[in-house]
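Biologist: Thanks for sitting down with me. Could you take me through this one, starting with its charged pairs?

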Amino acid sequence: MSETEIRTRRLLLRPIVPRDSGLITQLVGDPRIHRMLARVAPGQTKAQTLAWIMTHERGRIDDIDHVFAITLGGEFLGVIGAHRTGPDQPFEIGYWLAPDAWGQGICSEAGAAIIAWLERTRGARVLVAGHFADNPASGRVLAKLGFLPCGRDKMHCAGRGERVEHILMARIA
């Protein structure tokens with residue numbers, strides 16, 4: 001593993017780059033994806049995606065954001081990342097995957113890799129995550145990664161334009 005790439009048995013997690021913006025925009029335009037994301041509204045433009053990518057470039061420099069493209073054999077499949085609001089705060093893990101890649105253990109493999117990377121390179125011991133209650137597959141991924149439910153709330157979902165039941169989870173190394 002390097003500072004900028006994470007390799008697993010099948011996957012390469014690499015930094016997102018501007019050339020990813022077209023495919024990211026296309027994929028998050030799919031309601032099966034944006035309905036499960038808190039911060040992505042339907043109709044996101046390529047310009048908005050590019051702005052998001054550039055924001056994460058700055059966050060990586062500040063050790064706030066670490067966002068990676070999930071790739072398999074060079075094919076872009078989705079995004080996984082870790083964000084925190086400050087250096088003394090836990091990282092929050094988030095991910096999404098192209099529907100054609102669902103059910104293949106890719107998010108579990110990518111999640112285990114980013115957790116190991118965060119522990120090794122950032123000293124992360126406490127991680128948080130969450131999923132919408134109507135997305136039990138994401139909850140199963142988080143459970144496989146050692147996250148335990150620790151609360152419920154309603155969270156605004158930009159992809160739906162409404163507040164949605166949300167399950168909070170945490171992992172302590």
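Biologist: Which residue forms a salt bridge with Asp 30?

Modeller: Happy to help, and please keep in mind that this is a predicted model. The closest N and O atoms of the pair are 2.7 Å apart, and the cut-off for a salt bridge is 4 Å, so the pair qualifies. The partner of Asp 30 is Arg 32.

Biologist: Is Asp 30 buried or exposed?

Modeller: Its relative accessible area is 17%. Buried means under 20%, so Asp 30 falls on that side of the cut-off. Its partner Arg 32, at 49%, is partly exposed. The class of Asp 30 is therefore buried.

Biologist: How many salt bridges does the structure hold?

Modeller: Asp 30 with Arg 32 is one of them. Another joins the side chains of Asp 20 and Arg 14, at 2.8 Å from N to O, and both of those residues are buried. The total for the structure is seven.

Biologist: Nice. Which residue forms a salt bridge with Arg 152?

Modeller: The closest N and O atoms of this pair are 3.0 Å apart. Arg 152 lies in strand S7 and its partner in strand S8, so the bridge ties together parts that are 13 residues apart in sequence. Arg 152 counts as exposed at 53%, whereas the partner is partly exposed at 27%. That partner is Glu 165.

Biologist: How many bridges join S7 to S8?

Modeller: The two strands run antiparallel, and one opposing pair is His 156 with Arg 163 in S8. They form a hairpin with four residues between the strands, where Gly 161 takes a positive phi near 70°. The number of bridges joining S7 to S8 is nine.

Biologist: Which residue of S8 is the bridge partner of His 131?

Modeller: Here we turn to S6 and S8, which run antiparallel. Seven bridges join these two strands. In S8, the partner of His 131 is Ile 167.

Biologist: Which side chain is joined to that of Ser 138 by a polar contact of 2.7 Å?

Modeller: Ser 138 sits in helix H5 and counts as buried, with 9% relative accessibility. Leaving aside neighbours within four places in sequence, Ser 138 is in contact with Tyr 95 and His 131. The polar contact joins Ser 138 to Tyr 95.

Biologist: Let's move to the nonpolar side. Which element gives the largest share of the largest nonpolar core?

Modeller: In soluble globular proteins, nonpolar side chains tend to be buried together. The largest core here has 30 residues, and Ile 70, Ile 93, Leu 118 and Phe 147 have the most contacts inside it. Elements giving two or more residues to this core include strand S3 (65-72), strand S5 (91-97) and helix H5 (136-144). The largest share, eight residues, comes from H4.

Biologist: How many residues are in the other core that lies apart from it?

Modeller: Among its members are Ile 16, Ile 24, Ala 69 and Val 79. This second core lies apart from the largest one, and its size is 14 residues.

Biologist: One last thing: which residues is Leu 118 in contact with, leaving aside its neighbours within four places in sequence?

Modeller: Leu 118 is one of the residues with the most contacts inside the largest core. Contact here means heavy atoms within 4.5 Å. With its sequence neighbours left aside, the partners of Leu 118 are His 66, Ala 82, Phe 91, Ile 93, Gly 123, Ala 124 and Leu 127.

Note on methods: Residues are numbered from 1 along each chain as its sequence is written. This is a predicted model: local features need pLDDT of at least 70, side-chain atom pairs count only at pLDDT 80 or more; totals for chains, interfaces and linings use all residues. Side-chain values use heavy atoms; hydrogens and water are left out. A nonpolar core is a set of buried Ala, Val, Leu, Ile, Met, Phe, Trp, Tyr and Cys residues joined through side-chain atoms within 4.5 Å. Buried means under 20% relative accessible area, exposed over 50%, partly exposed in between (1.4 Å probe, protein chains only). A polar contact is a pair of N or O atoms within 3.5 Å; within protein, one must be able to donate a hydrogen and the other to accept it, and residues adjacent in sequence count only if both atoms are side-chain atoms. Two strands pair if DSSP finds at least two bridges between them.
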